[in-house]
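Have the model open and your selection tool ready. We will go from stop to stop, and at each one there is something to pick and something to look for.

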Amino acid sequence: MKRGADRLCMPSPSNDQFVNAVKQIVLANKRWVPPSGKGSLYVRPLLMGTGASLGVGPAPEYTFLIYCSPVGSYHKGALNFKVEDKLYRAISGSGGTGGIKSVTNYAPVYTAMTEAKANGFSDVLFLDSATGKYIEEATACNVFVVKDNSIFTPEIDGTILPGITRKSIIEIAIDLGYQVMERAVSVEEMLGADEMFCTGTAMVVNSVASVTYKETRVDYKTGPEALSAKLRATLVGIQTGCVEDKKSWTVLVD
């Protein structure tokens with residue numbers, strides 16, 4: 001939120017204000033927290049300009065608010081991606097807003113996503129706008145590909161979101177003995193991978209069953225033996241207190 005606010009010339013809450021606000025909304029809505037294994041309470045912070053102004057420029061006043069809702073699984077089962085090679089979600093490089101969590105990050109994906117879902121796909125995988133040769137991210141999640149004992153994910157270069165779930169999964173994978181490389185990942189490299197999965201706040205970790213690029217469809221390893229299942233179980237275990245939190249990632253709300 002701080003990075004995005006700075007980029008859009010907005011003030012932002014302090015770390016303490018943010019964490020305390022999250023605690024307050026969870027406590028106020030604890031009766032809506034689903035039973036263990038049945039879902040989660042999805043918490044969504046929002047910062048928006050609310051001051052009276054019709055001109056082009058920063059608002060004179062801003063509102064920070066948080067809303068929440070009980071949710072089930074974000075996706076039902078493994079995903080089937082379509083690679084979008086005509087529309088782009090962000091400009092390449094560090095000059096745009098692809099790397100911040102703002103409305104500019106979501107509105108550009110609706111056309112491609114709607115068309116893909118109408119054709120039976122779960123989601124869209126976007127390519128870099130400079131060359132169209134490298135994968136970036138899906139409509140609302142980071143992506144990883146697995147080959148042997150190595151995991152590859154597009155590097156944080158200003159175009160893709162530096163997701164906190166992405167960061168957590170990288171640390172867990174390294175702890176499990178996998179080699180994780182953050183760099184450009186080509187379409188050809190993705191098509192030759194053993195496994196593919198994506199990460200995000202709502203979905204946590206979700207395996208990808210297939211990717212379709214133009215006329216080529218590739219299927220990937222899924223199921224309980226897949227690496228994505230092991231990574232998900234570890235992170236969810238930490239989140240729910242079933243696995244010891246050795247990294248001080250969790251905050252007790254009471």
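Start by selecting helix α4, residues 164-175, together with helix α6, residues 227-240, in this predicted model. How do the two helices lie relative to each other? Their axes come within 10 Å and cross at roughly 110°; this falls in the range of 65 to 115 degrees that counts as roughly perpendicular, and α4 and α6 are therefore roughly perpendicular to each other. Turn the view so that one helix lies over the other, and you can follow α4 as it passes α6 in a right-handed crossing.

Now show side chains where the two helices touch. On α4, pick T165, S168, I169, I172 and A173; on α6, pick L231, T234, L235 and I238. Colour this contact of α4 with α6 by residue class and you should find six nonpolar residues, three polar ones and no charged ones.

Next, go to helix α3, residues 110-118. Which of its residues are buried? Select A112, M113 and A116. Looking down the axis, you will see that they span an arc of only 95°, which places them on the same side of α3. Here a general rule is handy: an α-helix has 3.6 residues a turn, so residues three or four places apart point the same way. Add strands β3 (79-84) and β4 (123-127) to the view, because these are what the buried residues of α3 pack against. Then swing round to the other side of α3, where T111, T114 and A118 are exposed. Just after this helix, stop at G120, whose phi is positive, about 90°.

From there, move to the loop between β3 and α3 and select K86. K86 is exposed, and its relative accessible area is 65%. For a sense of scale, draw a distance from the C-alpha atom of K86 to that of G177: the two residues are 91 apart along the chain, and the separation is 38 Å.

The last stops are about backbone angles. Most residues other than glycine have a negative phi. Which way does D148 go? Its phi is positive, about 60°, although D148 is not a glycine. You will find D148 in the loop between β6 (142-147) and β7 (150-153), where it counts as exposed at 63% relative accessibility.

Finish in the segment after α6 by selecting S248. S248 is not a glycine, yet its phi is positive at about 60°. With a relative accessible area of 66%, S248 is exposed.

How values were computed:
Residues numbered from 1 in each chain as written. Predicted model: local features only at pLDDT ≥ 70, side-chain atom pairs only at ≥ 80, totals over all residues. Heavy atoms only, no water. Axes fitted to C-alpha atoms, helices over the stretch in contact; angles between N-to-C directions. Helix = DSSP H or I, 4+ residues; strand = E, 2+ residues; numbered from the N terminus. Parallel < 35°, antiparallel > 145°, perpendicular 65-115°, else oblique. Left-handed = near helix turned anticlockwise from the far one by under 90°. Contact = heavy atoms within 4.5 Å. Nonpolar A, V, L, I, M, F, W, Y, C, P; charged D, E, K, R; others polar. Buried < 20%, exposed > 50% of the residue type's maximum accessible area, 1.4 Å probe, protein only. Arc of directions from axis to C-beta.
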